[in-house]
4 protein chains.
Amino acid sequence: MEQKQNKLSFASDYMEGAHPNILSRLVESNLQKSAGYGLDTYSDSAKRKLRTACNCPEADIFFLVGGTQTNATVIDALLKSYQGVIAPESGHISVHEAGAIESNGHKVLALPHTLGKITARQIESCIRDYLADGNHEHMVMPGMVYISQPTEYGTLYSRDELCSISDVCRKYSLPLYVDGARLAYALASPVNDVSLEDLAKLCDVFYIGGTKCGALLGEAVVIPRPGFIPHFFTIMKQHGALLAKGRLLGIQFDELFTDDLYLNIGKAAVSAVQKLSAAFTAKGYRLFFEPETNQLFIILSNTQMDRLSQHVDFSFWEKYDDEHTVVRFATSWASTDTDIEKLINEVI
Amino acid sequence: MEQKQNKLSFASDYMEGAHPNILSRLVESNLQKSAGYGLDTYSDSAKRKLRTACNCPEADIFFLVGGTQTNATVIDALLKSYQGVIAPESGHISVHEAGAIESNGHKVLALPHTLGKITARQIESCIRDYLADGNHEHMVMPGMVYISQPTEYGTLYSRDELCSISDVCRKYSLPLYVDGARLAYALASPVNDVSLEDLAKLCDVFYIGGTKCGALLGEAVVIPRPGFIPHFFTIMKQHGALLAKGRLLGIQFDELFTDDLYLNIGKAAVSAVQKLSAAFTAKGYRLFFEPETNQLFIILSNTQMDRLSQHVDFSFWEKYDDEHTVVRFATSWASTDTDIEKLINEVI
Amino acid sequence: MEQKQNKLSFASDYMEGAHPNILSRLVESNLQKSAGYGLDTYSDSAKRKLRTACNCPEADIFFLVGGTQTNATVIDALLKSYQGVIAPESGHISVHEAGAIESNGHKVLALPHTLGKITARQIESCIRDYLADGNHEHMVMPGMVYISQPTEYGTLYSRDELCSISDVCRKYSLPLYVDGARLAYALASPVNDVSLEDLAKLCDVFYIGGTKCGALLGEAVVIPRPGFIPHFFTIMKQHGALLAKGRLLGIQFDELFTDDLYLNIGKAAVSAVQKLSAAFTAKGYRLFFEPETNQLFIILSNTQMDRLSQHVDFSFWEKYDDEHTVVRFATSWASTDTDIEKLINEVI
Amino acid sequence: MEQKQNKLSFASDYMEGAHPNILSRLVESNLQKSAGYGLDTYSDSAKRKLRTACNCPEADIFFLVGGTQTNATVIDALLKSYQGVIAPESGHISVHEAGAIESNGHKVLALPHTLGKITARQIESCIRDYLADGNHEHMVMPGMVYISQPTEYGTLYSRDELCSISDVCRKYSLPLYVDGARLAYALASPVNDVSLEDLAKLCDVFYIGGTKCGALLGEAVVIPRPGFIPHFFTIMKQHGALLAKGRLLGIQFDELFTDDLYLNIGKAAVSAVQKLSAAFTAKGYRLFFEPETNQLFIILSNTQMDRLSQHVDFSFWEKYDDEHTVVRFATSWASTDTDIEKLINEVI
């Protein structure tokens, strides 16, 4: 019952089930009884491991189901009714969440991005322009900052960049929230210098993505300062984000944070992208930019695109010009050497 | 890592993982690649089986994650901004969803219930009172009806009762929505005469519960008339109810609707409740009412309650009088004969 | 162009324009230029007078346009997303605001009322039941209390009753908000013992109604503790409750609080109701209860109702029994002696 | 009690009360009784006159209080939950309504503007890009178009431009909504070729602004096809946009549409701007662009700005470059020749 099996697929990083260790734990624990709604011992254990990994022993941790849900719930919890969230124009919340943020009443204050990133300076300008505007009481007040690590383009904020953003946020008392849907691929990147511990120090809230990083589903929200969001449990419930069988999330994160699985799970995917990138370049394709994590953006002529798409699934990203298109190849923890080799040797 | 293992637990029906067949299918399919967001072949297959089971070959079917999320998403999709949802005062949406319905902008128009049920006559009165009120344009318009089968009390609507409710709804053009979080236990009940096919005929939308009926998580929304809710996919996305790895839901419902598993999975739980009910009665306990599905409500003296609670977990339901309390024992597809026997022979 | 001029009208207290003094001030000031959005000197002057009248020199004061708008804006400003507002079942926000509170995301936690009033004890029970419920994190948290003075039935809270309610609210840190749409009629009542100063001491927010009390439109929100609602100006703007020509509201309240006009404007209306009440009683009609302000509730046989309705407009209130109906006669600052006499001598 | 009386004021067009005819009518009708909530005979008469003026005898017409409220209510009534509103980036709803649109759950899909205007081509591209995007079901669907006539820059859509926009909207079944907060100044402009009748033919909803065009307050929503927005009365109530004393709005619009007052009320303001524009130019100032209605935008050096601002109030608009600023001078129906002459002869 697999999909189009004779075609390679690099369309996304959520095409398989879960890391085998996770499935084993699910099978093994299946008939143990546990409390509902995340109050189970699996979740407790997972939280302890996450706190250790973040070196943040007091952090509040909550497990939610998916990325859009997590973003909508956290952002709604952080903003006052009259505030909006600063985000890159390319951010997931700006473009691909079907207006979930607005549906909770909040404007996304979108800033121009460079390969998915925004800068501390842009954020500060946005806040200052707001404050300097004589009519600012008639406008949406910037109330927090949303960025993602890695970004929609798979690019990374450096530790320095993140420190600057964090400094601006603290200067103006705006919570900083980092979407880590693909965080494992950031942590696995050789060019990354931002650790979980750094995130816990620099952000007010961030989430450690499970869905795209080896779990069946699940995102772990980390709130380094305990109590920073009062009644988050009820807020989750109200947003339909509280899983009855919370154990399903607890077990998975417990396993992902056993023996550093989460820190390592993205490594093969990142190195596969490096290999692919070299191969594409060697064969004369143009990179849109140097890849940093598990996503590779190539500028294809429309002829190339047609030919490749007969053999491999990839994602349309954006029009480059009338004759060229930017496309994305994504690898994942589940990508196999065989598929990579096939793509390199037989297709491109 | 199991919970309080030396104590029996009849606190709820979501304390275990999933039916073993489901886990096997997850393990077996784990590394097959599939499309995201419910567009996978597992979900397609599950939908076909569900349509057959409902004898409704054209039905739109969507898989969501949990009950509160499903209720909030469906109700928000069905109501106009100025409409509210008629529901029993005891309904899940009235009491235990942390205001999720209101958070989407809608009032719950709560009617008094009898053991969790409301009648066609009550619904019609509510609509007529609204229409007859000279100020009704200043009031919330009844826009749909929400009931659950079985109810929060584990009671069942008969086919006749449901037909009458459906008739009133159609007379006034109000969609009828049935919450089937525990539907397997209704279908397994000897006193039930409402089939999936009946639901598909009588309702405008209903959901077949997975979370409490053998799945790890998941609820299948059935919309018998295709296109009745346009753009429900996007509505789900906006509500954070669209799972990236939709295969996880498809695989589970595909398995639940293989070899009538869903129709049978609740039988042992219902018969266990009958056994428990007889045993409690035999030992002189008072039933709150005759159980119909997998939930048993007993009136305990406070002394009895204290004693029992040392040996078994159950749920506080409501105060009966100053010296008595109504408590609930829930069985599930995973309840074991051993536990039932132990409860009967050693505890009560 | 007047309405049905040969029929008396006691249908409501908003059938005329404004107190003549107000119109004079509007005419006189018409071509003076002033700043917009309530930043004009008329509004400043009105605020000073209101602060003096409330003996609350630091109070924040804002002028809004109408009652539903004011309730929706204040309640949305006071509640967290996961909180609801405790209110009498008969409260304006519960019944006659077309779901405005829910449309902002909040549940109205309706308590049974006695002639429009709820008690401190009921409020405390509601809060305690919530706190005592093992599932309260899945429920809507009581977040504030809404009452009105006078109530929908024209009844009054005594100073003692209000103190008790205020005490409970402060004990549980719930803001107390009083809707004073008809406050002038409370202040004019001989049985009233609650002053503006009392309201300022006992409430966290209240509003002094203009629309029904002599103004063309307008409600003055008083927040005794300055800064209690940060950014209320922007919240008003977001709710469409900020008038560009705020002067229109400032001028009216400035005039209403000149020479105690507001304290006296309701007196004739209240004494007219007393006269009417005596006359109805003398002629054998049954009062629903003794009137306290400008609203009189009479139990009419359906024959009486038919006859009276040919000569005078009044409001249907509620069915009393199959043969009787409760109706309401409302007087206002604009009721004339002639009309009262005619009603007494020729109609009833 | 007037403001800063020795300084000229060209800061906005809502600094005075109402046209004297309107005040006279308010005084004259003051003690006539009328039904509430817009069901009065004044409102009926006004609606008849508006329908005649728009040559649209069947139009639904509703009177609301202010611009932000009207925009928020109409847009919320027109959009489905998953839709957004296309608007110019400079639009009032995009910038100066404190997020009122988002607070009702909807994204503003902002397009780059030219002096406040967007084109049919831009709108069509926006819709087509959405439809062509493989992920569009994860995105906010364009659900309607918002423009204003005149725009925030006082510029005008020509009849041809409006026809093209209307054509695109109808081609894709998107309602077209025109914000006419300052419509009288468009109708009074010599370069305008769009009549009320044209608006009624080309738009699905538009509003005729009162607040900035001679009324104390009030905006008249015109829905040319009757029934196009079902239950708009209740939607208004829910948004706090239903005035109890609706007569206040009816009387004003009745007067504004008596003897073509509305068509003429802006003429002096527009010709004053022409005079000012010529005078500024003659004295060597740079216009930002040729004015079309009652707003004049000048590029001042910062030295000029400092000097002028000692004698006259105007609005900061935007930074032009480090040494220049764009400022706005607004005239209104109430601007006096004396003030215009003073500004020309003594100040600039």
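These are worked exercises on a predicted model.

## Exercise 1: Relating the copies

Find what turn and what shift lay chain B on chain C, and name the relation.

*Solution.* Begin with the superposition: a turn of 180° with a shift of 0.0 Å along the axis lays chain B on chain C, and the RMSD is 0.0 Å. That is the relation of a two-fold axis. Next, look at the surfaces that meet. Of the interface residues of chain B, 100% are also interface residues in chain C, so the copies meet through the same surface.

Now try chain D and chain C. A rotation of 180° with 0.0 Å of shift along its axis superposes chain D on chain C, with an RMSD of 0.0 Å. Here too the same surface serves both copies, since 100% of the contact residues of chain D recur in chain C.

## Exercise 2: Describing two interfaces

Work out how many residues chain D and chain C each bring to their contact, and which helices of chain D take part.

*Solution.* Start with the count: chain D gives 49 residues and chain C gives 49 residues. Then go to the elements on the chain D side. Helices α1 (20-29), α2 (41-53), α3 (67-78), α5 (100-103) and α10 (232-238) of chain D each supply at least two residues. The largest share, four residues, comes from α1(D). Last, sort the chain D side by class: 21 residues are nonpolar, 21 are polar and seven are charged.

For practice, turn to the contact of chain B with chain C. Chain B contributes 18 residues, and chain C contributes 18 residues. On the chain B side, six are nonpolar, ten are polar and two are charged.

## Exercise 3: A pair of packed helices

Describe how α6 and α7 of chain D pack, using the angle and distance of their axes.

*Solution.* Two packed helices are described by the angle between their axes and the distance between the axes. In chain D, helix α6 (residues 120-132) and helix α7 (residues 159-171) pack at an angle of about 20°, and their axes are 8 Å apart. Angles under 35 degrees count as roughly parallel, which makes α6(D) roughly parallel to α7(D). Their crossing is right-handed.

Next, locate the contact residues. From α6(D) come D:Ala120, D:Ile123 and D:Glu124, while α7(D) offers D:Ser164, D:Ile165, D:Asp167 and D:Val168. By class, this contact has four nonpolar, one polar and two charged residues.

Then check chain A. Helices α6 (residues 120-132) and α7 (residues 159-171) of chain A pack at about 20° with axes 8 Å apart, and α6(A) passes α7(A) in a right-handed crossing.

## Exercise 4: A covered helix and two less covered residues

Decide how many residues of helix α11 of chain C are buried, and what they pack against.

*Solution.* Helix α11 (residues 247-256) of chain C is mostly covered, with ten of its ten residues buried. Among them are C:Leu248, C:Leu249, C:Ile251 and C:Phe253, and also C:Arg247 and C:Asp254. The buried residues pack against α1 (20-29), α2 (41-53), β2 (60-64), β8 (219-223) and α12 (261-264) of chain C.

For contrast, visit C:Glu161 in helix α7 (residues 159-171) of chain C. With 16 C-beta neighbours inside 10 Å, C:Glu161 counts as partly exposed. C:Tyr172, found in the loop between α7 and β6 (176-180) of chain C, is partly exposed with 15 such neighbours.

## Exercise 5: Unusual backbone spots

Find which residues of chain D have a positive phi in the loops holding D:Leu115 and D:Asp260, and where a cis peptide bond joins D:Gln149 to its partner.

*Solution.* Most residues other than glycine have a negative phi, and most peptide bonds are trans. Begin with D:Leu115, whose phi is positive at about 45°. D:Leu115 sits in the loop between β4 (108-111) and α6 of chain D, and is partly exposed, with 17 other C-beta atoms within 10 Å. Then take D:Asp260, with a positive phi near 55°. D:Asp260 is in the loop between α11 (247-256) and α12 (261-264) of chain D, and is exposed, with 11 other C-beta atoms within 10 Å.

Finally, the peptide bond from D:Gln149 to D:Pro150 is cis, with omega near -10°. D:Pro150 lies in the loop between β5 (141-148) and α7 of chain D. In chain A, a cis bond joins A:Gln149 and A:Pro150, with omega about -5°.

Technical notes:
Residues numbered from 1 in each chain as written. Chains lettered and ligands numbered in written order. Predicted model: local features only at pLDDT ≥ 70, side-chain atom pairs only at ≥ 80, totals over all residues. Least-squares fit on C-alpha atoms with pLDDT ≥ 70 in both. Contact = placed C-beta atoms within 7 Å. Nonpolar A, V, L, I, M, F, W, Y, C, P; charged D, E, K, R; others polar. Axes fitted to C-alpha atoms, helices over the stretch in contact; angles between N-to-C directions. Parallel < 35°, antiparallel > 145°, perpendicular 65-115°, else oblique. Left-handed = near helix turned anticlockwise from the far one by under 90°. Buried ≥ 20, exposed ≤ 12 C-beta atoms within 10 Å, placed from the backbone.
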